[in-house]
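Here are my notes on this model, written as a walk-through to follow with the structure open beside you. Take the points in order and look for each piece as it comes up.

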Amino acid sequence: MATITAADVNKLRTITGAGMMDCKKALVEADGDFDLAIENLRKKGQKVAANRSDRESTEGAAIAAVNADKTAGVVITLNCETDFVGKNEGFVKLATDFANQALNYDTKEAFLASDFNGITVAEKLIEQTGVIGEKIEIGSFEKLTGAFVGSYVHSGKIAVLVALSANVAGAEEAAKNVAMQAAAMNPIALDEAGVDASIIEKEIEIAKDQLRQEGKPEAMLDNIAKGKIQRFYKDNTLVNQDYIKDGSMSVAAYVKSVDGGLTVTGFSRVALG
């Protein structure tokens, strides 16, 4: 029987993130064999993951990461079952580490298959499910590129990226302000072109039905409905929304006030729940 020291237990805890008692038990069962102990902890994670596969994981941490030259960013959510776990320092650090690694990949699938300290990200999620005792998974994953990419995270629950057309003086503050706008107002698209035609068709029909109920003549419905659609764009597309810090201008106008040629070229928003 191998002698299991406190240093051994701490080493395994550092490697896996598992609790002290779980690490000690795993080392005892593996007779001091670290590789076998790690394997046993991962098997435990698989069992817990299987038992909790039908649980809802709507809590967690929303994280944004942007590369060094500000030309690409990623937003992800690391989901769990309870707010208590989602606010845990170790859990948030893991989410941040995942986001920084996710910068290197264009798809969620490639990210999940990538190496994370000797195992895949997907395997790490299973391992941590066993450690924490809750269903842990990557919920949202969105990548954004542009001439300048900035970010904003609201209370660890909403993460936003905004891409601007150029890296000009004031771009970082402008991108953050527009990202705050997207976090607060949750636009469905960047501009009119980004709104799915089926949504517009539905909105036109709703508008016409409302107008008929108000007794408006059928011949007038199309023109009035078009006006309502313009209002829909103003309320629901990012660049057309009233800027929340100055309602006298749109988001597009605010960005142009920073630099005359500056525009918003894209955004990504992820949220828990």
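Which residues in helix 5 meet which residues in helix 7? Keep that in mind for point 1, and remember throughout that this is a predicted model.

1. **Two helices side by side.** From helix 5, the residues involved are Phe-91, Leu-94, Phe-98 and Gln-101, and they meet Val-121, Lys-124, Leu-125, Gln-128 and Ile-132 in helix 7. Sort the residues of this contact by type and you get six nonpolar, two polar and one charged.

2. **How those helices are oriented.** Helix 5 covers residues 89-102 and helix 7 covers residues 121-132; they pack at an angle of about 175°, and their axes are 13 Å apart. The cut-off for calling a pair roughly antiparallel is over 145 degrees, so helix 5 is roughly antiparallel to helix 7.

3. **A sheet next to helix 5.** Now find the open sheet of three strands, which has the order 1-2-5 and antiparallel pairing. Strand 1 (59-66) and strand 5 (137-145) are its edge strands, since each pairs on one side only. On average, and ignoring direction, neighbouring strands here are turned by 10° against each other. Helix 5 packs on this sheet and touches strand 1, strand 2 and strand 5, with its direction at about 145° to that of strand 2.

4. **One pairing in that sheet.** Strand 2 takes in residues 72-80, and its antiparallel pairing with strand 1 runs over eight bridges. If you want one to look up, try Gly-60, whose bridge partner in strand 2 is Asn-79. As background, strands of a sheet pair through backbone hydrogen bonds, either parallel or antiparallel.

5. **Another three-stranded sheet.** There is also an open sheet with the order 6-7-10, and its pairing is antiparallel. Its edge strands are strand 6 and strand 10, each pairing on one side only. Here the average turn between neighbouring strands is 15°, direction ignored. Strand 7 and strand 10 pair over seven bridges in the antiparallel sense; for instance, Ile-158 has Ala-271 in strand 10 as its bridge partner.

6. **The largest nonpolar core.** Which of its residues touch the most other members? Out of 23 residues, the answer is Val-160, Val-162, Leu-164, Val-178, Leu-238 and Val-264. At least two residues come from each of strand 6 (148-154), strand 7 (158-164), helix 8 (171-185), helix 11 (251-258) and strand 10 (264-271). Helix 8 gives the most, with seven residues. In soluble globular proteins, nonpolar side chains tend to be buried together.

7. **Val-162 and a second core.** Setting aside neighbours within four places in sequence, the contacts of Val-162 include Leu-144, Phe-148, Ala-175, Val-178, Val-264 and Phe-267. A second, separate core has 22 residues, among them Ala-65, Val-74, Ala-95 and Val-121. You have already met Val-121, in the contact of helix 5 with helix 7.

8. **Ala-171, buried or exposed?** This residue sits in helix 8. Its relative accessible area is 1%, and buried means under 20%, so Ala-171 counts as buried. Not counting residues up to four places away in sequence, Ala-171 touches Phe-148, Leu-164 and Ala-166. Also compare sequence with space: Ala-171 and Val-149 are 22 residues apart along the chain, while their C-alpha atoms are 8.8 Å apart.

Technical notes: Residues numbered from 1 in each chain as written. Predicted model: local features only at pLDDT ≥ 70, side-chain atom pairs only at ≥ 80, totals over all residues. Heavy atoms only, no water. Axes fitted to C-alpha atoms, helices over the stretch in contact; angles between N-to-C directions. Helix = DSSP H or I, 4+ residues; strand = E, 2+ residues; numbered from the N terminus. Parallel < 35°, antiparallel > 145°, perpendicular 65-115°, else oblique. Contact = heavy atoms within 4.5 Å. Nonpolar A, V, L, I, M, F, W, Y, C, P; charged D, E, K, R; others polar. Pairing = 2+ DSSP bridges. Core = buried A, V, L, I, M, F, W, Y, C linked by side-chain atoms within 4.5 Å. Buried < 20%, exposed > 50% of the residue type's maximum accessible area, 1.4 Å probe, protein only.
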